[in-house]
Each structure stands twice: as structure tokens, then as C-alpha cells.
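The exercises below are to be worked with the sequence and the model open. Each task is followed by a solution in steps.

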Amino acid sequence: DTVLSDSYYGMYTLTNYILQKGHRDIMFVGAIHKNTCSGRPILLAFVRAMMEAGILVTQNHILVDRDENGHYALSASQLSHIPTAFICSRDSSAYQLLKILKEKNIRVPEDVSITGFDDYILSSLCTPKITTYSIDVAKLTDSCIWLLLDRIAQPDRPLRHIVISGKIMERDSVRTLLTNPESR
């Protein structure tokens, strides 16, 4: 039995949200190594949304924030190009990126927009507060408990797989570039 958050659709939704705000120069920030559990599916969701918007994703659209061991490795030296928006695969990455941008005197959201992912507490404690994709932790927890109790009551039943959706938490780190991105 498994209970998962729908990270793929969440990143797809978040990327489309940024595209609808008029952004086209967008960079994905995240771990893409094979030993990260959600890195590649989230990256694929970003690529899908960008391609559907007619934007070919290249290596220049990807900023790797972790080394092969999963340790945070983002630095100011990696920021040779500042897009109009960064979409981070974790709120902790968005928080670290926000600090790096502040050190470079780049303002969020006036100069660049940032989103996070997971609605970790850091996203609402920093300035500006980071727009993020919120995972429904309560629903995940309830589903796990329900599946466990059901498995105890019916040990021979078929396996069940539950996927829980989340939602975008709009805060202060994203600005709209165009009123009608379709006119571009």
C-alpha cells in the first residue's frame, strides 16, 4: 500500500501558474540526480509544461541545487543568468536562493519571481513570503492511517495506491509580467 503526494501534477500546475503570469525566461532549481526520489518526475513536469507553452527546455533552464549525495550546493557563482522566474523543487532551495539574490542586490519579486514547493515553514517566515505548492500533509497522514487500519482488518486485500493533490499558496514572491500572456 502506498500514499503519495502528487508532486508531478503539483510542479506542472506551479509551472503553468508562472507561465500564466507572463514569464517565459524560467529556470528550474532542484536536484535531478538518480538517487533523489522526486527530482526527475518534478523536472519532467516542469519540462512538459514549458514544452506545452512552446518553450524548449535546455540545460540553461536547469540549476542543480544539490550534489550527488543530496547535500545543498547552490552558490552565487552558478547564477550567471538571472531569469524572470525561478521555480524551485523545495521551499528550502527557494529560501537559500532568496538569500543569495539579496546578497547580489536582486529584488524579489521586483527583479525576479521565485516559487518553492512543499509549503515548508520557511516559505511563510521569510521576506518576501514565498509562493509555493502546498502538500496536504493532513490528508496524507489520514490516508496512511486509514490504509494501515484497513490492512490490519483485511490483510489479504489487494494493494491500494492513493495519490493526494495539493494547491498553490500565493504569497509575495511572484509578480505578473503581462496581463494576457497569450498575446505574446
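The coordinates belong to a predicted model.

**Exercise 1. The residue D150**

Task: State which helix holds D150, decide whether D150 is buried or exposed, and list its contacts beyond the sequence neighbours within four places.

Solution.
- Step 1. D150 belongs to helix α5, which covers residues 137-153.
- Step 2. The relative accessible area of D150 is 12%. Buried means under 20%, so D150 is buried.
- Step 3. With neighbours within four places in sequence set aside, D150 is in contact with R157 and R160.

**Exercise 2. Helix α3 and its cover**

Task: Compare the end-to-end distance of helix α3 with the expected span, then find which of its residues are buried and what covers them.

Solution.
- Step 1. Helix α3 runs over residues 91-103 and has 13 residues. The expected span is 1.5 Å times one less than the number of residues, so for α3 it comes to 18 Å.
- Step 2. The end C-alpha atoms of α3 are 19 Å apart, which agrees with that span.
- Step 3. Buried in α3 are D91, S93, A94, L97, L98, I100 and L101.
- Step 4. The cover over these buried residues includes the strands β2 (26-30), β4 (85-88), β5 (113-115) and β6 (132-134), together with helix α4 (122-125).
- Step 5. After α3 comes N105, with a positive phi near 60°.

**Exercise 3. Helix α1**

Task: Carry out the span check for helix α1, list the buried residues of α1, and give the sign of phi at G22.

Solution.
- Step 1. Helix α1 covers residues 7-20, 14 residues in total. From its first C-alpha to its last it reaches 20 Å, close to the expected 20 Å.
- Step 2. The buried residues of α1 are S7, G10, M11, Y12, L14, T15, Y17, I18 and L19.
- Step 3. G22 follows α1, and its phi is positive, near 95°.

**Exercise 4. Loop backbone: cis bonds and positive phi**

Task: Where do the cis peptide bonds from V108 to P109 and between T127 and P128 lie, and what are the phi values of D118 and D119?

Solution.
- Step 1. The bond from V108 to P109 has omega near 5° and is cis. P109 sits in the loop between α3 and β5.
- Step 2. T127 and P128 are joined by a cis peptide bond with omega about -5°. P128 sits in the loop between α4 and β6.
- Step 3. D118 has a phi near 110°, positive although the residue is not glycine. For D119, also not a glycine, phi is positive at about 60°.
- Step 4. D118 is in the loop between β5 and α4, and D119 is found in the loop between β5 and α4 as well.
- Step 5. The relative accessible area is 36% for D118, which is partly exposed, and 24% for D119, which is partly exposed too.

**Exercise 5. The surroundings of H61**

Task: Place H61 in the chain, classify its exposure, and list its contacts beyond the neighbours within four places.

Solution.
- Step 1. H61 lies in the loop between α2 (39-52) and β3 (62-64).
- Step 2. The relative accessibility of H61 is 14%, so H61 counts as buried.
- Step 3. Apart from its neighbours within four places in sequence, H61 is in contact with I26, M27, F28, F46, M50, I55 and L56.
- Step 4. R107 is 46 residues from H61 along the chain, and the C-alpha atoms of the two are separated by 20 Å.

**Exercise 6. The chain as a whole**

Task: Describe the secondary structure of the chain, judge its radius of gyration against the globule rule, and characterise its contacts, surface and charges.

Solution.
- Step 1. The chain has 5 helices and 8 strands, in the order β-α-β-α-β-β-α-β-α-β-α-β-β along the sequence.
- Step 2. The radius of gyration is 18 Å, and the globule rule gives 16 Å for 184 residues; the two are close, so the chain is as compact as a globular protein of that length.
- Step 3. Along the principal axes, the C-alpha atoms fill a box of roughly 60 × 40 × 30 Å.
- Step 4. Of the 184 residues, 43% count as buried.
- Step 5. Among contacts with a separation of 6 or more, 73% are between residues 24 or more positions apart.
- Step 6. The chain exposes about 10,000 Å², of which carbon and sulfur atoms supply 53%.
- Step 7. The chain has 20 positive and 20 negative charges, and their mean positions are 2 Å apart.

How values were computed. Residues are numbered from 1 along each chain as its sequence is written. This is a predicted model: local features need pLDDT of at least 70, side-chain atom pairs count only at pLDDT 80 or more; totals for chains, interfaces and linings use all residues. Side-chain values use heavy atoms; hydrogens and water are left out. Helices (H or I, at least four residues) and strands (E, at least two) are DSSP runs, numbered from the N terminus. Buried means under 20% relative accessible area, exposed over 50%, partly exposed in between (1.4 Å probe, protein chains only). Contact means heavy atoms within 4.5 Å. The radius of gyration is taken over C-alpha atoms; the globule rule is 2.2 Å times the number of residues to the power 0.38. Accessible areas come from the Shrake-Rupley method with a 1.4 Å probe; for residues, only the protein chains shown count as cover. Lys and Arg count as positive and Asp and Glu as negative; His and the chain ends are not counted. The place of a charge is taken as NZ of Lys, CZ of Arg, CG of Asp or CD of Glu.
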